[in-house]
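Please open the model in your viewer and keep the selection panel at hand. The stops below say what to select next and what is there.

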Amino acid sequence: MSSSGIVVGPNVRRICMGVAALGLSALGAGLALSPTRGFSSLLINGFFFLTLALGGAVFLALNSVANAGWYTVFKRIPEAFASYVPVGAASLLVVLAGLPSLYLWARPGVMEADHLLHQKAAFLNAPGFALRMAVMLAIWAFFTWQLRRNSLAQDSDVSANPTRRNVATSAVFLVLFSITFCLASFDWLMSLEPHWFSTIYGLYNIAGMLESSVAAITLAVVLMKSSGRMKEINTSHLHDLGKLMFGFATLWAYLWFSQFLLIWYSNIPEETVYFIHRMHGGWTPLFYLNLALNWALPFVLLLPKPAKRNPSHLCIVAGIMLAGRWLDLHLMISPANMPEYTGVSVWDVAGLLGLGALFVLTVTRTMGSVPLIARHDPYLVESLHHHT
């Protein structure tokens, strides 16, 4: 079976370190030179990679409470994703320095001059925003650490006690996460346009998180299998991951359409303004491209059974879905402060490359420090012989 070791070579790590340093330095310059665009890029990319990490933890927790065993041979991959949560949390905390650049309600005098916003002042204020962010990030960091700690403890414990502890931990985590992640979506994203609201918004972002994180896990699984480091992964594992990608893409589309249809047919100005901003001012092509990348293309490309068992095909679709999730966040965040689309900025690219390289460094370092196969896991034999 696979053991711990180098997941990527030293040259790749050096390249990633250079890209991370260059990208983060450029993003830091953007925060100073163009605060609105710079902090928008930080929020987009910081949230994007943080949700990939959180999606890894949620993937583990969902399978744990379901007593599922099929994923055990590659569970170190979502665990490594989850190890990025503290790093991603630190990147999001930097957003607090640019609240007035991003959020209308944080600008001096706005709350007092706007009667509708003044009614929301008890919730939309900088101290409350910062406190809620810190508490939510701390909760996520604690539970993701605990899930991985229990899993690693199983490697040296022949009893099933660590696995049973993870079931209880996962159940508590999923309840707290569903509440806090919805609140985070309201706070960090929806309040960018404080006059607008949607009760589906939190679930919509959960669907986007699940879709993109499963795509990222699938991409990592295929790369590890093709490199020969996880030979235990078979086509049935890939098939199940393909089915999850297909299902979560459809869930995202269902929630997107539910939100859009309810707002469209009610035709209430304070609700339709959200979509008006994203269907005009040069945003129109991206608005429809978002639907294509997040649902239409994955639906068509993953519909046949052989497509879900083809590693290279899964990599292509996973890449499309990850690009779609980034675009979805771009559309949720940027139009709030940029009514006219002027293209992807250099700060957007810097944030994507810098935080992306940091994510890869964190994940590969974590995977290289532990056995790649979870020894003594009570579901390991089942996973090794998994067939669908």
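Begin with helix 2, bearing in mind throughout that this is a predicted model. Helix 2 is mostly covered, in that 27 of its 31 residues are buried. Draw a distance between the C-alpha atoms at the two ends of helix 2 (residues 35-65): they are 43 Å apart, which agrees with the 45 Å that its 31 residues should span at 1.5 Å a residue. Then select Asn-67, which follows helix 2 and has a positive phi, near 55°.

Next, select Trp-326, which is found in helix 14 (residues 311-333). Is Trp-326 buried or exposed? With a relative accessible area of 13%, Trp-326 is buried, because the cut-off for that class is under 20%. Show the residues around Trp-326: leaving aside neighbours within four places in sequence, Trp-326 is in contact with Ile-44, Asn-45, Phe-48, Asp-348 and Leu-352. If you also select Leu-96, you will find that Trp-326 and Leu-96 are 21 Å apart in space, C-alpha to C-alpha, while 230 residues separate Trp-326 and Leu-96 in sequence.

From there, move to helix 15 (residues 346-368) and select Thr-362, which lies in that helix. Thr-362 counts as buried, since its relative accessibility is 16%. A polar atom of the Thr-362 side chain lies 2.9 Å from the backbone oxygen of Leu-358. Not counting residues up to four places away in sequence, Thr-362 touches Ser-83, Tyr-84 and Val-87.

Now switch to a surface view and select Ile-15, Val-19, Val-344, Val-349 and Leu-353 together, which form a nonpolar patch on the surface with about 410 Å² of accessible area together. Which elements give two or more residues to the nonpolar patch? They are helix 1 (10-33) and helix 15. Within the patch, centre the view on Ile-15, which lies in helix 1; at 56% relative accessibility, Ile-15 counts as exposed, because the class begins at over 50%.

For the last stop, select helix 8 (residues 126-154), whose 29 residues reach 43 Å from the first C-alpha to the last, close to the 42 Å expected at 1.5 Å a residue. Add Asn-125 to the selection and look at the N-terminal end of helix 8, which Asn-125 caps: a side-chain oxygen of Asn-125 lies 2.8 Å from the backbone nitrogen of Gly-128.

Note on methods
Residues are numbered from 1 along each chain as its sequence is written. This is a predicted model: local features need pLDDT of at least 70, side-chain atom pairs count only at pLDDT 80 or more; totals for chains, interfaces and linings use all residues. Side-chain values use heavy atoms; hydrogens and water are left out. Helices (H or I, at least four residues) and strands (E, at least two) are DSSP runs, numbered from the N terminus. Buried means under 20% relative accessible area, exposed over 50%, partly exposed in between (1.4 Å probe, protein chains only). A polar contact is a pair of N or O atoms within 3.5 Å; within protein, one must be able to donate a hydrogen and the other to accept it, and residues adjacent in sequence count only if both atoms are side-chain atoms. Contact means heavy atoms within 4.5 Å. The expected span of a helix is 1.5 Å times one less than its number of residues. Patches are made of residues with over 30% relative accessible area and no salt bridge: like charges are joined within 9 Å, nonpolar side chains (Val, Leu, Ile, Met, Phe, Trp, Tyr) within 5 Å. Accessible areas come from the Shrake-Rupley method with a 1.4 Å probe; for residues, only the protein chains shown count as cover. A salt bridge is a side-chain nitrogen of Lys or Arg within 4 Å of a carboxyl oxygen of Asp or Glu.
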